[in-house]
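These are my notebook entries on a single chain. I set down what I looked up, topic by topic.

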Amino acid sequence: MFRTFLITIIILTASINIMAQNKTNMDTATFGTGCFWCTEALFDRLNGVNNVLPGYSGSTEGKPSYELVCSGTTKWAEVIQVSYDPEVITFDELLEVFWGTHDPTTLNRQGADVGPQYRSVIFYHNQNQKDRAEHFKKELNDSGIWAKPIVTEISSFISFYEAEKYHLDYYKNNPSNGYCNFVITPKVEKFEKVFSEKLKK
């Protein structure tokens, strides 16, 4: 809880956002924080987020599938692609949620999920996203919030393949699933407490 508070302070203090001029213009962000079931369940709750799609990004190696990506032998990462209104929620605020809801210091791992497909990654869509991500990564590293350095990959967005349909809204549609019960539900409950002011009403 304290660590998340410090992340919020650092990001809000340093924030120099450029707000979109036209409210109808939606922006796109692409993040990987481990299993995309978890990431989708969190970001979908944010006010200003219009849509969240689970999928695969980070490679040009043909068309990915869940089975292929889960083999850990490709460069694909499990990610979410977020469509959001920058007049309601800024990219900096999305970064706040990104870094506050997973461990960015573990290489190719989140909890029991191990492999390059579960790496911490930001695929930036423009120069501003790259600059903001790199800026806050440095700020957070320098702050000493984590004992180990942040290993989050910050790379240019190349492509995105939407995951198979059964992955969409997986947590919402499978609340009794064991992984959902033991991994996602506690994460969602903590998220809703820490980021209560950013949630959809």
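**Salt bridges**

I counted the salt bridges first and found nine in the structure, a salt bridge being a side-chain nitrogen of Lys or Arg within 4 Å of a carboxyl oxygen of Asp or Glu. The model is predicted, so local features need pLDDT of at least 70 and side-chain atom pairs count only at pLDDT 80 or more, while totals for chains, interfaces and linings use all residues. Residues are numbered from 1 along each chain as its sequence is written, and side-chain values use heavy atoms, with hydrogens and water left out.

I then looked up Asp44 and Lys172, whose side chains meet in a salt bridge at 3.9 Å, N to O. This pair links distant parts of the chain, 128 residues apart: Asp44 is in the loop between H2 and E2, and Lys172 is in helix H6 (residues 170–173). Helices (H or I, at least four residues) and strands (E, at least two) are DSSP runs, numbered from the N terminus. For accessibility I used these classes: buried is under 20% relative accessible area, exposed over 50%, and partly exposed in between (1.4 Å probe, protein chains only). Asp44 counts as partly exposed because its relative accessibility is 22%, and Lys172 counts as exposed because its value is 56%.

Asp169 also forms a salt bridge with Lys172, with the closest N and O atoms 3.9 Å apart. Salt bridges that share partners thus join Asp44, Asp169 and Lys172 into one network.

I next took Lys198, which forms a salt bridge with Glu96, the closest N and O atoms being 3.6 Å apart. Here too distant parts of the chain are linked, 102 residues apart, with Lys198 in the segment after H7 and Glu96 in helix H4. Lys198 is buried, with a relative accessible area of 17%, and Glu96 counts as buried at 3% relative accessibility.

**A buried acid without a partner**

Which side chain of opposite charge is nearest to Asp113? It is Lys187, 7.8 Å away, and Asp113 is buried yet has no salt bridge. For charge, Lys and Arg count as positive and Asp and Glu as negative; His and the chain ends are not counted. I placed Asp113 in strand E5 (residues 113–114) and Lys187 in helix H7 (residues 178–194). Lys187 counts as partly exposed because its relative accessibility is 23%.

I listed contacts (heavy atoms within 4.5 Å), not counting residues up to four places away in sequence. Asp113 touches Cys35, Asn108, Tyr118 and Tyr179, whereas Lys187 touches Cys38, Leu42, Thr101 and His102.

**The sheet and strand E6**

I traced an open sheet of six strands in the order E7-E6-E1-E3-E2-E8, with mixed pairing; two strands pair if DSSP finds at least two bridges between them. The edge strands are E7 and strand E8 (160–162), each pairing on one side only.

Strand E6 (residues 120–124) is mostly covered, five of its five residues being buried. Ser120, Ile122 and Tyr124 point one way from E6, and Val121 and Phe123 the other way. E6 pairs with strand E1 (residues 27–33) in the antiparallel sense over four bridges, and Phe31 stands opposite Ile122 in E6. E6 and strand E7 (residues 153–156) run parallel, joined by four bridges, and Phe123 stands opposite Ser155 in E7.

**Helix H2**

I closed with helix H2 (residues 36–43), which is mostly covered: eight of its eight residues are buried. Among them are Trp37, Glu40 and Phe43.
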